[in-house]
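Okay, everyone, thanks for coming. Could you pull up the sequence and the 3D view before I start talking?

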Amino acid sequence: MAGVGQAADAKQIASGARDVGAILEPIRKRHDLPALAGAVYYQGRMAALGATGVRKIGEPTPVTVNDQFHLGSCTKSMTATLAAMLAEEHKLDWNAPLITYFPELRSNIAPDLRSVTLAQLACHRSGITAESLPKGMDFKASHEIPGSFREQRQVYAERILQEEPLSAPGTQYLYSNRNFALLGIIAERVANEGWEELITRRLFKPLGMKSAGFQAMGTPGKLNQPWQHRATDRPRLPIGPGRYSDNPEVIGPAGTVHCSMVDWLKYATAHTVGEGGGSKLLKPTTYHYLHTAQFGGEYAFGWIVTERPWGGGKVLTHSGSNNQNFAVVWIAPLRDFAVVAATNQGGGGADKACDEVAATMIGTFLR
């Protein structure tokens, strides 16, 4: 594996952030991961940054703090944030039923889905099944739906909206990628723009997230970004970027964003300071809404909302994985603190490693 010193980027460390590569390296080794990266925001600035390990098992090319990592379901709060922008502009309504945004499907939508609201989608209270793909459609077929990504999602919506929910809307928490896929499709419809282009223009560019993109990281056939790995593979084989190396675009709004730790921290920071008026993306009242569970429980608009003593009270968290990567974020608005961590492996201790990074950074800065 590469030496820790190779992971640091002079420009980033010169910005005042502490290089924590040496802290991450023993965690990476302990959990036998290809690479591990993380960053911390604290009291108005990026306070820590580090990356260690290699882009691909069996190759010496080291990761850097500028490398991109897959965020998986941490994408969900980004799609909810995009929807909140459109809600502030009165282009969509959190309390409106699904049927409002799919009028042409009125006769085809399952009766019990017609009253599902956008807020119920974003809090996983729609009752929709946890199965990501429609009945009768496998992984390969979902990648090969004809047309643009937006056209593919229209076909996807038509298929899944015909399926009856597993529980009555609003009554039970049931985590489902379908919820946020539908939320992204509704955003596309009211803005008349594809989700990828829309979220890039409305969220990534204003935050300066230049590394943000979609699907597997890097260029097919090249080692210019971290490759993915599955711990269940024996031997553990790297998964290069390509058409079938990530979840299908039809559920993109639920979990296909990748970016550097620096850029992910910019997004986490916006939510950390948002309720206090420190972000220009949304109104403080809108951030508060996004950070509040609407139907009981702990889930709210792409965040798990809970309390921790180290956070001074309310904290928000989420993890994400496509089974080939893992990522986690924690933010503590009352302590002006956020931490993000990610690895290019799914399973095999990837979750424990990222949690250990977060816990170590929390202990370092908030003790």
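So, here's a warm-up: how many residues lie between the strands in the hairpin of β11 and β12, and which residue there takes a positive phi? Have a look for a moment. There are five residues between those two strands, and Asn323 is the one with the positive phi, near 75°. One thing to keep in mind the whole way through: this is a predicted model.

Let's stay with Asn323. It belongs to the loop between β11 and β12, and a positive phi there catches the eye, as Asn323 is a residue other than glycine. For background, most residues other than glycine have a negative phi, and most peptide bonds are trans. Is Asn323 buried or exposed? With a relative accessibility of 56%, it counts as exposed, because the cut-off for that is over 50%.

Now let's zoom out to the sheet. β11 and β12 are part of an open sheet of eight strands, and if you read across you get β1-β3-β2-β13-β12-β11-β10-β9, with mixed pairing. What's at the edges? That's β1, residues 18-19, and β9, residues 299-300; each has a single partner strand, so one side of each has no neighbour in the sheet.

Let's walk in from β1. It runs parallel to β3, residues 45-53, and two bridges join them. If you want a spot to click on, Asp19 has Leu49 of β3 as its bridge partner.

Then jump over to β10, residues 303-308. Five bridges join β10 to β11, and this time the strands run antiparallel. Ile304 is opposite Thr317 of β11. These two strands also make a hairpin, with four residues between them, and in its turn Gly312 has a positive phi of about 75°. On we go to β12: β11 and β12 are antiparallel too, joined by five bridges, and His318 has Val329 in β12 as its bridge partner. As for β11 itself, residues 313-320, six of its eight residues are buried, so you can call it mostly covered.

What lies across this sheet? Helix α2, residues 21-30, lies across β1, β2 and β3, and it runs at about 45° to β3. Helix α12, residues 350-366, lies across β1, β2, β3, β12 and β13, running at about 150° to β13.

There's a second sheet as well. This one is open, has three strands in the order β4-β8-β5, and its pairing is antiparallel. Here β4, residues 68-70, and β5, residues 213-214, stand at the edges with a single partner strand each, so one side of each is left without a neighbour in the sheet. β4 pairs with β8, residues 257-260, over three bridges, and Gln68 is opposite Ser260 in β8. Helix α10 packs on this sheet, touching β4 and β8, and its direction makes about 110° with that of β8.

Find Trp264 for me, which sits in α10. Why do we call Trp264 buried? Because its relative accessible area is 1%, and the cut-off for buried is under 20%. Its contacts include Leu71, Cys74 and Met78, and also Val329 and Val340. You've already met Val329, as the partner of His318.

Next, the empty spaces. The largest pocket holds about 230 Å³ of space. It has 19 lining residues, and the closest to its centre are Asp246, Asn247, Ser321, Asn322 and, yes, our friend Asn323. Sorted by class, the lining has five nonpolar, eleven polar and three charged residues.

How many cavities of 30 Å³ or more does a search of the whole structure find? One. The volume of the largest cavity is about 40 Å³. Among the residues lining it are Leu113, Ile128, Glu163 and Arg178, and the lining divides into four nonpolar, one polar and three charged residues.

Two backbone oddities before I stop. The peptide bond from Arg234 to Pro235 is cis, with omega near 0°, and Pro235 is in the loop between β6 and β7. The other one is Asp336, in the loop between β12 and β13. It isn't a glycine, yet it has a positive phi of about 55°. At 24% relative accessibility, Asp336 counts as partly exposed.

That's my tour. Who wants to go next?

Technical notes
Residues are numbered from 1 along each chain as its sequence is written. This is a predicted model: local features need pLDDT of at least 70, side-chain atom pairs count only at pLDDT 80 or more; totals for chains, interfaces and linings use all residues. Side-chain values use heavy atoms; hydrogens and water are left out. Two strands pair if DSSP finds at least two bridges between them. Contact means heavy atoms within 4.5 Å. Axes are lines fitted to C-alpha atoms, for helices over the stretch in contact, and angles run from 0 to 180 degrees between N-to-C directions. Buried means under 20% relative accessible area, exposed over 50%, partly exposed in between (1.4 Å probe, protein chains only). On a 1 Å grid over the protein atoms alone, a cavity is a set of points where a 1.4 Å probe fits but cannot get out, and a pocket is an open set with protein on both sides within 12 Å along at least five of seven lines; lining residues have an atom within 4 Å of a point. Grid points are joined across faces, edges and corners, and a volume is the space filled by probe spheres set on the points. Ala, Val, Leu, Ile, Met, Phe, Trp, Tyr, Cys and Pro count as nonpolar, Asp, Glu, Lys and Arg as charged, and the others, Gly among them, as polar. Lists of a residue's contacts leave out its neighbours within four places in sequence.
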